Amino acid sequence: EDPQVVKAYLQRQLAKILRHEVCISDLVFQKEVRLGTYSADRLPPPSAIIGLQLMHRDPGHEPLYGERVPYVVCAGSHGEPLSSRLRHPWELLLPPQGRSSTASSSAGSTPTPAPVPPPRVDTTYYITRHIL
């Protein structure tokens with residue numbers, strides 16, 4: 001094909017990703033988890049980190065050996081490690097109960113929780129590490 005056509009297509013697709021106009025399912029990674037086999041002196045792989053987080057929230061949600069655990073990489077502050085930016089896809093679709101920040105409605109009144117938006121996918125990570 002004509003390289004200019006391919007280039008134009010790629011630019012349109014990258015622009016969609018940067019505008020968050022892609023389906024979240026297109027950005028989900030799923031890797032097998034083998035809890036109990038990872039070295040203690042290194043961080044486990046991303047899917048294992050998510051599996052451990054799920055277990056922490058609900059001990060009955062331990063992933064089976066070899067189970068594929070989904071995750072996405074979310075945006076974070078500059079220099080924040082990848083391991084702290086991993087989220088289960090549910091967290092982007094349905095924010096967990098109690099996710100709020102405290103905002104005061106008027107002087108001297110009781111602070112009311114303000115809804116906190118769900119985390120956003122790190123589009124730069126996806127483009128630079130997995131597409132280009």
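This is a walk through a predicted model, selection by selection.

**Whole chain**

Start with the whole chain in cartoon view. The secondary structure comes to four helices and five strands, and along the sequence these follow the pattern α-β-α-β-β-α-β-β-α. The chain has 132 residues, of which 24% count as buried. Among contacts with a separation of 6 or more, 58% are between residues 24 or more positions apart.

**Helix H1 and the residue after it**

Select residues 3-18, helix H1. The end C-alpha atoms of H1 are 22 Å apart, which agrees with the 22 Å that its 16 residues should span at 1.5 Å a residue.

Next select His20, which follows H1. His20 sits in the loop that runs from H1 to strand E1 (29-32). Its phi is near 60 degrees, a positive value in a residue other than glycine. Is His20 buried, partly exposed or exposed? With a relative accessible area of 32%, His20 is partly exposed. Keep His20 displayed; it returns in the pocket lining.

**Helix H2**

Move to residues 46-57, helix H2. H2 has twelve residues and reaches 17 Å from its first C-alpha to its last, close to the 16 Å expected at 1.5 Å a residue. Now show the side chains of Ser47, Ala48, Ile49, Ile50 and Leu54, and mark Gly51: these residues of H2 are buried. What do the buried residues of H2 pack against? Their partners are E1, E2 and strand E3 (86-87).

**The aromatic residues**

Select Phe29, Tyr71, Tyr125 and Tyr126, which form one aromatic cluster. By the pairing rule, the count comes to three aromatic pairs. Begin with Phe29 and Tyr71: the ring centres are 5.4 Å apart and the planes are at 35 degrees, so the pair is tilted. This pair links distant parts of the chain, with Phe29 in strand E1 and Tyr71 in strand E2 (residues 68-73), 42 residues apart. Phe29 counts as buried at 18% relative accessibility, and Tyr71 counts as buried at 6%.

Then turn to Tyr125 and Tyr126. Why is this pair called edge-to-face? The planes of the two rings are at 90 degrees, so the pair is edge-to-face; the cut-off for that class is over 60 degrees. The ring centres of Tyr125 and Tyr126 are 5.8 Å apart. Both residues count as buried: Tyr125 has a relative accessibility of 15%, and Tyr126 has 4%.

**Helix H4**

Extend the selection to residues 123-131, helix H4. The buried residues here are Thr123, Tyr125, Tyr126 and Ile127. What covers them includes H1, E1 and E2.

Select Thr123 by itself. At 9% relative accessibility, Thr123 counts as buried. Leaving aside neighbours within four places in sequence, Thr123 is in contact with Ile17, Leu18 and His20. That brings the view back to His20, in the loop between H1 and E1.

**Leu92 in helix H3**

Now select Leu92, found in helix H3 (residues 90-93). Is Leu92 buried or exposed? Leu92 is buried, with a relative accessible area of 13%. Not counting residues up to four places away in sequence, Leu92 touches Ile24, Val72, Cys74, Arg87, Pro118, Pro119 and Val121. Draw a distance from Leu92 to Pro118: the C-alpha atoms are 5.3 Å apart in space, while the two residues are 26 apart in sequence.

**The largest pocket**

For the last stop, show the surface around the largest pocket, which holds about 160 Å³ of space. Which residues line the largest pocket? Its lining consists of Ile17, His20, Val22, Ile24, Leu27, Leu92, Leu93, Pro118, Pro119, Arg120, Val121 and Thr123. Colour the lining by residue class: nine residues are nonpolar, two are polar and one is charged.

Several residues from the earlier stops meet at this pocket, including His20, Leu92 and Thr123. Of these, His20 is partly exposed, whereas Leu92 is buried and Thr123 counts as buried. Ile17, also in the lining, is one of the residues in contact with Thr123. Ile24, Pro118, Pro119 and Val121 likewise line the pocket, and each of them is touched by Leu92.

Note on methods. Residues are numbered from 1 along each chain as its sequence is written. This is a predicted model: local features need pLDDT of at least 70, side-chain atom pairs count only at pLDDT 80 or more; totals for chains, interfaces and linings use all residues. Side-chain values use heavy atoms; hydrogens and water are left out. Helices (H or I, at least four residues) and strands (E, at least two) are DSSP runs, numbered from the N terminus. Buried means under 20% relative accessible area, exposed over 50%, partly exposed in between (1.4 Å probe, protein chains only). Contact means heavy atoms within 4.5 Å. Rings of Phe, Tyr and Trp (its six-membered ring) pair if their centres lie within 6.5 Å; planes under 30 degrees apart count as stacked, over 60 as edge-to-face and the rest as tilted. The expected span of a helix is 1.5 Å times one less than its number of residues. On a 1 Å grid over the protein atoms alone, a cavity is a set of points where a 1.4 Å probe fits but cannot get out, and a pocket is an open set with protein on both sides within 12 Å along at least five of seven lines; lining residues have an atom within 4 Å of a point. Grid points are joined across faces, edges and corners, and a volume is the space filled by probe spheres set on the points. Ala, Val, Leu, Ile, Met, Phe, Trp, Tyr, Cys and Pro count as nonpolar, Asp, Glu, Lys and Arg as charged, and the others, Gly among them, as polar.
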